[in-house]
Amino acid sequence: MTSKKIKNRILVAGSQSFIDDKLRELVKDVDQDSVRYFYGDELNIEEFFEYTSSIPLFYEQNIAVLKHAEDLKEKSKSEILEGLSKIEGNVVILVFLDEKPGEENYKKFKESFNIIIEPKRSFNAQMIQQYFKDEGLIVGIDTAKYIFEMCNKDPMILKNELEKIKIFYNYEKPRSDEEIISLVSFSRSESIYQFIKYFFSKDLNKTLAIFKVIVDDGESVERIFYELSRHIISLSFYIISPSLVTEYTYTIHNYKDYINRWSKDEVAELVELIAEIDLFLKTGRETYLSGLYRIIYTLLKKD
């Protein structure tokens, strides 16, 4: 079977639903047996280059799709850039979930890759709430925002969850916002919130264990970083004055427990660390994965 040629070097970055749509579009007209998938967190670089440099026997081109390229070590990104410059004919698609490469690497990728990045979308509280109204569900703005976060801020995931909820309430109305939240089945998000609770409980072993599960399940490390960072910063404001924090009710309840475990100085140190990591991320000196491990291992210093 003859494959249709697609562009030789492609970088795709965006939400999971955006990535899925783009990959389907990019390889829909080629023989699927010519497409091989690799993963950034477990990449065997020699195996990757063996496939991308080999001459196809039965297809017009070998097509290598490298998913979760955001988890590649900086050395591997450099090796890929250098190695691919010597390869002609076969196709390589690098996929970055929820983020594009660091600025320095991004400039290098732009020189030799066709770049496809999901446009930035902003959703205000009223827009998110409208998704619920369209499905006949009336919830408070805080609840709508909370469920949107649980769905990775991905409208497609939110739509799928709301369709399930609508079926459940086909013959009755929900009794409360909390009841609707309990039906949201995006389990990886729940794991993130469990991870955050273990972290603030200062349980290093459980924090590391659930962190590994989340990452192995393919959750975006960028999202995990920003969720944890958001709660650390919110907790720092809560310590100053609870009135400065607008979080969901049971999140506030958790904060009341956390301040019994964390001193003001400890939280201030975490905020400083987040600021440092954020700077390093922007300058390409840090990855989200290494930054998260730096935050997690602060628990070694805690009682």
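## Exercises on a predicted model

Ile45, Phe48, Phe49 and Thr52 of helix H2 touch Ser76, Glu79, Ile80, Gly83 and Leu84 of helix H3. By class, this contact holds 5 nonpolar, 3 polar and 1 charged residues. The model is a predicted one.

**Exercise 1. Classify the packing of H2 against H3 by angle and by hand.**

Step 1. Locate the helices. H2 covers residues 45–53, and H3 covers residues 74–84.

Step 2. Take the axes. They come within 12 Å and cross at roughly 20 degrees.

Step 3. Apply the cut-off. Angles under 35 degrees count as roughly parallel. H2 is therefore roughly parallel to H3.

Step 4. Add the hand. The crossing of H2 past H3 is right-handed.

Step 5. Look at the spacing of contact residues. An α-helix has 3.6 residues a turn, so residues three or four places apart point the same way. On H2, check this with Ile45, Phe48, Phe49 and Thr52, which meet H3.

**Exercise 2. Describe the surroundings of Asn62: which residues does Asn62 contact beyond its neighbours within four places in sequence?**

Step 1. Place the residue. Asn62 sits in the loop between H2 and strand S3 (63–67).

Step 2. Judge its exposure. The relative accessible area of Asn62 is 6%. Buried means under 20%, so Asn62 is buried.

Step 3. List the partners. With neighbours within four places set aside, Asn62 contacts Ser34, Tyr51, Ser54, Pro56, Asn90 and Val91.

Step 4. Find a polar link. The side chains of Asn62 and Ser54 are joined by a polar contact of 3.0 Å.

**Exercise 3. Decide whether helix H6 is enclosed or open, and name its buried residues.**

Step 1. Count. H6 spans residues 141–150, and 7 of its 10 residues are buried.

Step 2. Name them. The buried residues in H6 are Thr143, Ala144, Tyr146, Ile147, Phe148, Glu149 and Met150.

Step 3. Conclude. With 7 of 10 residues buried, H6 is largely enclosed by the rest of the structure.

**Exercise 4. Examine the positive phi angles of His68 and Lys202: in which loops do these residues lie, and are they buried or exposed?**

Step 1. Start with His68. Its phi is positive, about 55 degrees, although His68 is not a glycine. His68 lies in the loop between S3 and H3.

Step 2. Check its exposure. His68 has 16% relative accessibility and so counts as buried.

Step 3. Turn to Lys202. Lys202 is not a glycine either, yet has a positive phi of about 65 degrees. Its loop runs between helix H9 (187–200) and helix H10 (204–216).

Step 4. Check again. Lys202 has a relative accessible area of 16% and is buried.

Notes: Residues numbered from 1 in each chain as written. Predicted model: local features only at pLDDT ≥ 70, side-chain atom pairs only at ≥ 80, totals over all residues. Heavy atoms only, no water. Axes fitted to C-alpha atoms, helices over the stretch in contact; angles between N-to-C directions. Helix = DSSP H or I, 4+ residues; strand = E, 2+ residues; numbered from the N terminus. Parallel < 35°, antiparallel > 145°, perpendicular 65-115°, else oblique. Left-handed = near helix turned anticlockwise from the far one by under 90°. Contact = heavy atoms within 4.5 Å. Nonpolar A, V, L, I, M, F, W, Y, C, P; charged D, E, K, R; others polar. Buried < 20%, exposed > 50% of the residue type's maximum accessible area, 1.4 Å probe, protein only. Polar contact = N/O pair within 3.5 Å; in protein donor to acceptor, adjacent residues only side chain to side chain.
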